[in-house]
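Please look at the sequence and the structure shown here. A visitor will ask about them, and a guide will answer.

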Amino acid sequence: MNDMTYNEVKSFIDSFQNEAPVLTVPIARELGINVLKSKSLGNISGMIVKNETRGGSSGYAIVVNDNHPETRRRFTIAHEIAHFLLHKDLIGDGISEDALLRSGLSSEVETEANKLAADILMPWDLLREYTNQGITSIRELARIFNVSENAMSIRFGIPYEYEY
């Protein structure tokens, strides 16, 4: 899948976006990526590493922080899938701090991964189906798509305000 254009990547992802919430683990599996949970990542949300032993048929694994909320884990998995599809040449084996962690990457690379993660989890076609039915509450759409209210607000370009 490496060296695909953004549109080719988007076309592959479309086949998984028939209903909300979009499931990320089946996308990872189709790509040959194992998704593993860890309680020992500290504040790190997750990472993707090349690992012949724990990786899937592609040789890669996404490790996600099991201490984080489900919505955060889902975005992290989508984000790491995006790195696999768009930036595979940057992913290391994690042995010498070269796992694909957010801290050392350019803002352009991270922005691309975040954009594709949002496209994976909150596809505009599905969002339109709900908004056309009159469902326009950020809170309700976030619940339906199983993402954070903050992520849904960003998707719509609306400043996020906590509702108490």
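The conversation below goes from the whole chain to single helices, cores and pockets.

Visitor: What kind of model is this, and how many helices and strands are there in the chain?

Guide: This is a predicted model, in which local features need pLDDT of at least 70 and side-chain atom pairs count only at pLDDT 80 or more, while totals for chains, interfaces and linings use all residues. Residues are numbered from 1 along each chain as its sequence is written, and side-chain values use heavy atoms, with hydrogens and water left out. Helices (H or I, at least four residues) and strands (E, at least two) are DSSP runs, numbered from the N terminus. From that terminus the elements run α-α-β-β-β-α-α-α-α-α, and the chain has 7 helices and 3 strands.

Visitor: What percentage of the residues in the chain is buried?

Guide: A residue is buried under 20% relative accessible area, exposed over 50%, and partly exposed in between, with a 1.4 Å probe and protein chains only. The chain has 164 residues, and the buried share is 46%.

Visitor: On which side or sides of α1 are its buried residues?

Guide: The buried residues of α1 are Val9, Lys10, Phe12 and Ile13. The arc, taken from the directions from the helix axis to the C-beta atoms, is only 160° for these residues, so they lie on the same side of α1.

Visitor: Which helices do the buried residues of α5 pack against?

Guide: Leu126, Leu127 and Tyr130 are buried in α5. They cover an arc of only 100° around the axis and therefore lie on the same side of α5. The face turned away from that buried side carries the exposed residues Asp125 and Asn132. The buried residues of α5 pack against α6 and α7.

Visitor: Which element gives the most to the largest nonpolar core?

Guide: A nonpolar core is a set of buried Ala, Val, Leu, Ile, Met, Phe, Trp, Tyr and Cys residues joined through side-chain atoms within 4.5 Å. The largest has 39 residues, of which Ile81, Phe145 and Met152 touch the most other members. Elements that each supply at least two residues of this core include α1 (6-14), α2 (24-30), β3 and α3 (70-87). The most, 7 residues, comes from α3.

Visitor: Which residues is Met152 in contact with, leaving aside its neighbours within four places in sequence?

Guide: Contact means heavy atoms within 4.5 Å. With those neighbours left aside, the contacts of Met152 are Met122, Leu127, Ile138, Leu141, Ala142, Phe145 and Val147.

Visitor: Is Ala61 buried or exposed?

Guide: Ala61 is found in strand β3 (residues 60-65). Beyond its neighbours within four places in sequence, Ala61 is in contact with residues including Ile33, Leu36, Met47 and Arg54. The C-alpha atoms of Ala61 and Val35 are separated by 5.8 Å, although the two are 26 residues apart along the chain. With a relative accessible area of 1%, Ala61 is buried.

Visitor: Which element gives the largest share of the lining of the largest pocket?

Guide: On a 1 Å grid over the protein atoms alone, a cavity is a set of points where a 1.4 Å probe fits but cannot get out, and a pocket is an open set with protein on both sides within 12 Å along at least five of seven lines; lining residues have an atom within 4 Å of a point. Grid points are joined across faces, edges and corners, and a volume is the space filled by probe spheres set on the points; for the largest pocket the volume is about 300 Å³. Of its 14 lining residues, Arg72, Phe75, Ser148, Ala151 and Ile154 are the closest to its centre. The largest share of this lining, 4 residues, comes from α7.

Visitor: Which element gives the most to the lining of the second largest pocket?

Guide: The second largest pocket holds about 160 Å³ of space. Among the residues that line it are Pro21, Val35, Glu70, Arg74 and Asn146. The most, 4 residues, comes from α3.

Visitor: Where is Asn146 found?

Guide: Asn146 is buried, with a relative accessible area of 18%. Not counting residues up to four places away in sequence, Asn146 touches Pro21, Glu70, Thr71 and Arg74. Asn146 is found in the loop between α6 and α7.
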